[in-house]
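Thanks for making the time this morning. I would like to walk you through one model, going from the overall layout to a few individual residues, so please keep the picture in view as I talk.

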Amino acid sequence: MTEGQLQDGARGLAAPVAGLPWLEASVGVVTFGPLDAAEVGPKVSEAAHALTAALA
C-alpha cells in the first residue's frame, strides 16, 4: 500500500501475480479518495490469484 508516492493525494494498493516465472505483474487499485485496505486488500488479492489461475 502506498500513499502520496505516485502523486500527491493518491493512494494505491497492489497484490502480486505470483507463480508464473515468465511474468512479473501485479493487480492494483489507485484512487484519490479514501482507501480502506482491510476492505479492498482481500479483493485485490483475490483478483491477483484469479489472474494467476487464468494464465497458468
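Let me begin in the sheet, with a single pair of residues: A14 stands opposite G28, and G28 belongs to β3. Before I build outward from that pair, please bear in mind that this is a predicted model, and that the values I quote are computed from it.

The strand β2 covers residues 11-17, and it is joined to β3 by 7 bridges, with the two strands running antiparallel. Taken as a whole, the sheet is an open one of 3 strands, ordered β1-β2-β3, and the pairing is antiparallel. Which strands stand at the edges? They are β1, at residues 2-3, and β3, at residues 25-31; each has a single partner strand, so each has one side left without a neighbour in the sheet.

Stepping back to the protein, we count 1 helix and 3 strands, and if you read along the sequence you meet them in the pattern β-β-β-α. The helix, α1, takes in residues 37-55 and lies across β2 and β3, running at about 30° to β2.

Within helix α1 I would point you to T52. Is T52 buried or exposed? At 16% relative accessibility T52 counts as buried, because the cut-off for that class is under 20%. If we leave aside residues up to four places away in sequence, T52 touches V17, A18 and L20, and of these V17 falls in the residue range of β2, which is 11-17.

For the opposite case, please look at the loop between β2 and β3, where W22 is found. W22 has a relative accessible area of 58% and is therefore exposed. Together with L51 and L55, W22 makes a nonpolar surface patch of about 310 Å², and both of those leucines lie in the range 37-55 that belongs to helix α1.

Finally, some totals for the protein. Along its principal axes the C-alpha trace spans about 35 × 20 × 10 Å, and of the 56 residues, 21% are buried. The exposed area comes to about 3,900 Å², with carbon and sulfur atoms supplying 57% of it. Turning to contacts with a separation of 6 or more, 36% of them are accounted for by residues 24 or more positions apart.

Notes:
Residues are numbered from 1 along each chain as its sequence is written. This is a predicted model: local features need pLDDT of at least 70, side-chain atom pairs count only at pLDDT 80 or more; totals for chains, interfaces and linings use all residues. Side-chain values use heavy atoms; hydrogens and water are left out. Two strands pair if DSSP finds at least two bridges between them. Helices (H or I, at least four residues) and strands (E, at least two) are DSSP runs, numbered from the N terminus. Contact means heavy atoms within 4.5 Å. Axes are lines fitted to C-alpha atoms, for helices over the stretch in contact, and angles run from 0 to 180 degrees between N-to-C directions. Patches are made of residues with over 30% relative accessible area and no salt bridge: like charges are joined within 9 Å, nonpolar side chains (Val, Leu, Ile, Met, Phe, Trp, Tyr) within 5 Å. Accessible areas come from the Shrake-Rupley method with a 1.4 Å probe; for residues, only the protein chains shown count as cover. A salt bridge is a side-chain nitrogen of Lys or Arg within 4 Å of a carboxyl oxygen of Asp or Glu. Buried means under 20% relative accessible area, exposed over 50%, partly exposed in between (1.4 Å probe, protein chains only).
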